[in-house]
Amino acid sequence: MASKEDSETYEIAEEGNCKVHAPEKLVLSSDQLLRHAIISEYAILGRKPIDGMFIMPGHNNILEWLGILFIRNGVYTGGIFRFCVSLPKNFPETDDLPVITLETEVFHPQISLKEKRVDLTRYFPDGWKRDKHHVWNALIVLHRIFFSLDVDVETSVNHEAAILWKEDKKRFKVLARQNVDHSRTIVYEDPANVDDVNCLRFTPWCEAEHQSIRERIMSGKSSLKSSHSSTPVSGYSWIDTDTLTYMTEPIDTKMDLDSSRNHSDRVAYGIERLDLSGIIDEAEEALPLEINGDKSTRRDNG
């Protein structure tokens with residue numbers, strides 16, 4: 001017989017000896033709660049992928065997300081920029097903003113030259129709202145700042161870059177191109193977080209090693225099987241750095257929550273051809289930037 005005393009506790013009477021036991025309440029450890037939050041955040045990226053961005057929570061530290069961003073048009077076209085997203089230690093119960101740090105220097109009004117850190121404060125003026133904001137929101141800011149140079153000298157963390165964009169766009173583009181060229185020359189070098197098995201690494205094309213993988217990717221077939229083992233499963237991407245064409249074979253890990261959907265998308269669309277025709281010489285129209293559920297369009301009038 002079971003009787004409910006309150007909304008949280010049940011008592012059970014055993015027949016015969018009439019012993020009454022208070023049930024043990026389900027208690028989740030802080031580590032379990034954190035992992036649940038990280039999985040939920042990563043699932044959002046699976047449902048709302050960001051164009052040209054690859055990212056995974058770190059294997060060594062799930063509060064450190066390891067990513068890479070391919071820039072497809074605008075001033076930084078052709079850039080391949082690695083970055084790391086550092087979540088606060090008390091995530092998700094926090095009011096602190098994530099920290100996004102690039103691995104290489106990028107001359108940009110919203111990126112500090114010394115720390116290589118993206119300034120998120122202007123896009124989250126009231127701080128991080130745990131009931132509204134997700135990691136996805138911060139990553140959208142990272143993505144958009146490379147396509148929309150919304151320059152305000154007073155609030156820019158790199159004043160030199162902001163002033164130069166206002167006064168000498170030609171020189172600014174020369175410096176930006178140097179960042180792009182550098183990012184491409186080091187693409188095959190080991191990243192800073194090479195000791196993490198979830199880091200994204202690139203190797204030059206080797207037909208003997210990669211051709212069969214490329215054919216599987218193109219056909220939509222994969223040799224990888226589902227596994228719930230704690231041992232990470234590797235995967236491959238094929239990228240033509242001249243045309244910025246890429247294909248991806250799924251990486252099956254316990255953090256890959258939406259692999260079947262992503263795989264079906266790849267089968268449906270095949271190789272994604274990157275459009276480089278959008279390169280323009282002057283300031284681009286700002287794209288709508290959605291942070292708090294509201295869309296606002298920013299434009300540089302300089």
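Student: Which backbone oxygen lies 2.7 Å from a polar atom of the side chain of threonine 77?

Tutor: The backbone oxygen of glycine 74 does, and 2.7 Å fits a polar contact (N or O atoms within 3.5 Å, one able to donate a hydrogen and the other to accept it; residues adjacent in sequence count only if both atoms are side-chain atoms). This is a predicted model, in which local features need pLDDT of at least 70 and side-chain atom pairs pLDDT 80 or more, while totals for chains, interfaces and linings use all residues. Residues are numbered from 1 along each chain, and side-chain values use heavy atoms, without hydrogens or water.

Student: Why is threonine 77 called buried?

Tutor: Its relative accessible area is 7%, and buried means under 20% (exposed is over 50%, partly exposed in between; 1.4 Å probe, protein chains only), so threonine 77 qualifies.

Student: What makes the aromatic pair of phenylalanine 70 and phenylalanine 202 edge-to-face?

Tutor: Their centres are 6.2 Å apart and their planes meet at 85°, whereas a pair needs centres within 6.5 Å and edge-to-face needs over 60 degrees (under 30 is stacked, the rest tilted). Phenylalanine 70 lies in strand E5 and phenylalanine 202 in the loop between H4 and helix H5, so the pair ties together parts 132 residues apart in sequence.

Student: Why is the pair of phenylalanine 124 and tryptophan 128 called tilted?

Tutor: The ring centres are 5.7 Å apart and the planes stand at 40°, so this pair is tilted; both residues are buried as well.

Student: How do you know that the charged end of lysine 169 sits over the ring of tryptophan 165?

Tutor: That charged end is 4.8 Å from the ring centre, and the rule asks for NZ of Lys or CZ of Arg within 6 Å of the centre and within 35 degrees of the ring normal.

Notes. Phe/Tyr/Trp six-rings, centres within 6.5 Å; stacked < 30°, edge-to-face > 60°. Helix = DSSP H or I, 4+ residues; strand = E, 2+ residues; numbered from the N terminus.
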